[in-house]
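Reader: I should like to learn how the features of a protein model are read. May we go through them one by one?

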Amino acid sequence: MHRLLASFAGSLLALAAGGPVAAQPDPPFVPVFETDFPDPAVLLDNGEFLAYATNALGDRANVQMARSKDLVNWQLVTDGERLHDAMPVLPPWAKPGWTWAPEVIRTGTGYVLHFTARDRESDLQCLGAAFSTSPLGPFVSTATRPLVCQTELGGTIDSHPFRDADGQLYLYYKSDANNPRFGKETDIFVQRLSDDALSVSGEPVALLRNDTEWEAHVIEAPTMVRRGERYLLFFSANHFGWETHQRLSPYAMGYAVCAGPMGPCTDAPENPILHSYNDREAGCLSGPGHQSVFSVGERQFVSFHAWSATRGCRRADKGRYLYIAPLLWEGDTPRLGVSLRPAEGRQRRPAR
């Protein structure tokens, strides 16, 4: 806990784009959006922040969205009285109700949504890609087969597109080998991604495996970041849930240092860099993870989710909330700053 609190030192000057300065370090993490919004990824487009998340409860949207002008006050995107769906029609290979972890990247011709969905043929979670000329969608794919599906490894989830400084695109993803039907170790892989971000080429390269105690049975949610000539692969690990017998969720966030976009990669010795806690000074955080990293000018931010909690730090059963924190650096070592927080008294009404 002391190591966690120490990482917040010097972070109070971090600003959101146009947002307020954090006034004090306690509590270090506060949700900016108290709505069930799992596996969030944020895109800055034309001066507006757009966030994408795993399918909404009740199958109200395959890909739900929220928007913000300042990173601290968010609203769900709606179409009239209905929740907006960035991909209202799934590709022919995908079953409804299992659309996870969407991320959007801008290309020369538009926007590409990378997502996870349930494959009809194998009944495993697999990866897809869909195109739109607008970041709001509708994203469309007519593919009859998944983009990537490691059927021998239990399927594939958590795709993350990354553009290197030379313009080359890469796709990172996780083998779903912890699937109870398979019960294997999990790996994070990378493949080259085409310029239009719709196809992969070459053989996948394994970069990381769950091989430390804190990672337990699974690593997932890869996010590649380049800092100068260094490459850092952020990831989440351990069981994502917050079960009734658990005091806190064991889900946590770490990173690895990589020699290049295709590795090799080595786990950071200080992992995990963000984990659950219940502390009188720092407050309560349970199950932080599935991060994404985005830039605002020269600043970088991390979005992630964590479970809703009661004042007594028990599970509140309202889903996973959106958090955003500055990504700071001590030399080449990443640190998370005090999180952004919504303006006091601001009501969160759906955006129309």
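Author: Certainly. Please bear in mind that this is a predicted model. Let us begin with enclosed space.

Reader: How many cavities of 30 Å³ or more are there?

Author: The count comes to 1 cavity of 30 Å³ or more. A cavity is a set of points where a 1.4 Å probe fits but cannot get out. Here the largest cavity has a volume of about 30 Å³.

Reader: Which residues line the largest cavity?

Author: The lining is made up of Ala 101, Glu 103, Asp 158, Ser 159, Ala 221, Pro 222, Thr 223, His 290 and Gln 291. By class, 3 of the lining residues are nonpolar, 4 are polar and 2 are charged.

Reader: Which elements give two or more residues to the lining of the largest cavity?

Author: They are strand S7 (94-106), S10, S14 and strand S20 (289-296). Of the contributors, S14 gives the most, with 3 residues.

Reader: Let us turn to sheets. How do the strands of a sheet pair?

Author: Strands of a sheet pair through backbone hydrogen bonds, in either a parallel or an antiparallel manner. In this structure, one open sheet has 4 strands in the order S10-S11-S12-S13, and the pairing is antiparallel. Strand S10 (156-163) and strand S13 (200-209) are the edge strands, each pairing on one side only. From one strand to the next, the twist averages 25°.

Reader: How many bridges pair strand S11 with strand S12?

Author: Strand S11 (residues 169-175) and strand S12 (residues 187-193) are paired over 6 bridges in the antiparallel sense. Two positions may be followed in the model: Leu 169 stands opposite Leu 193 in S12, and Tyr 173 has Phe 189 in S12 as its bridge partner.

Reader: What joins S12 to S13?

Author: These two strands also run antiparallel, joined by 6 bridges. Asp 187 stands opposite Arg 209 in S13. The hairpin of S12 and S13 has 6 residues between the strands, and there Ala 197 takes a positive phi near 65°.

Reader: Is S12 mostly covered or uncovered?

Author: S12 is mostly covered, with 6 of its 7 residues buried.

Reader: What is the strand order in the open sheet that contains S1?

Author: That open sheet has 4 strands in the order S1-S2-S3-S4, with antiparallel pairing. Strand S1 (41-45) and strand S4 (75-76) each have a single partner strand, so one side of each is left without a neighbour in the sheet. Between them in the order, S2 and S3 run antiparallel and are joined by 5 bridges; Ala 53 stands opposite Gln 64 in S3.

Reader: I should next like to understand salt bridges. How many are counted?

Author: A salt bridge is counted when a side-chain nitrogen of Lys or Arg lies within 4 Å of a carboxyl oxygen of Asp or Glu. By this rule there are 15 salt bridges. One of them joins Glu 48 to Arg 67, with the closest N and O atoms 2.7 Å apart. This pair links distant parts of the chain, since Glu 48 is in strand S2 (residues 48-53) and Arg 67 is in strand S3 (residues 64-68), 19 residues apart. Both Glu 48 and Arg 67 are buried.

Reader: Which parts of the chain does the salt bridge of Glu 220 and Lys 174 tie together?

Author: The side chains of Glu 220 and Lys 174 meet at 3.7 Å, N to O. Glu 220 lies in strand S14 (residues 219-227) and Lys 174 in strand S11, so the pair ties together parts that are 46 residues apart in sequence.

Reader: Why does Glu 220 count as buried?

Author: Buried means under 20% relative accessible area. Glu 220 is buried because its relative accessible area is 10%. Lys 174 is likewise buried, with a value of 0%.

Reader: Is Asp 317 buried or exposed?

Author: Asp 317 counts as exposed, at 59% relative accessibility. Its salt-bridge partner is Arg 315, with the closest N and O atoms 3.0 Å apart. Arg 315 is partly exposed, with a relative accessible area of 34%.

Reader: Which residues are linked in a network of salt bridges?

Author: Lys 95, Arg 118 and Asp 123 are linked in such a network.

Conventions. Residues numbered from 1 in each chain as written. Predicted model: local features only at pLDDT ≥ 70, side-chain atom pairs only at ≥ 80, totals over all residues. Heavy atoms only, no water. Pairing = 2+ DSSP bridges. Axes fitted to C-alpha atoms, helices over the stretch in contact; angles between N-to-C directions. Buried < 20%, exposed > 50% of the residue type's maximum accessible area, 1.4 Å probe, protein only. 1 Å grid on protein atoms, 1.4 Å probe; cavity = no way out; pocket = protein on both sides within 12 Å on 5 of 7 lines; lining within 4 Å. Points joined across faces, edges and corners; volume = space filled by probe spheres on them. Nonpolar A, V, L, I, M, F, W, Y, C, P; charged D, E, K, R; others polar.
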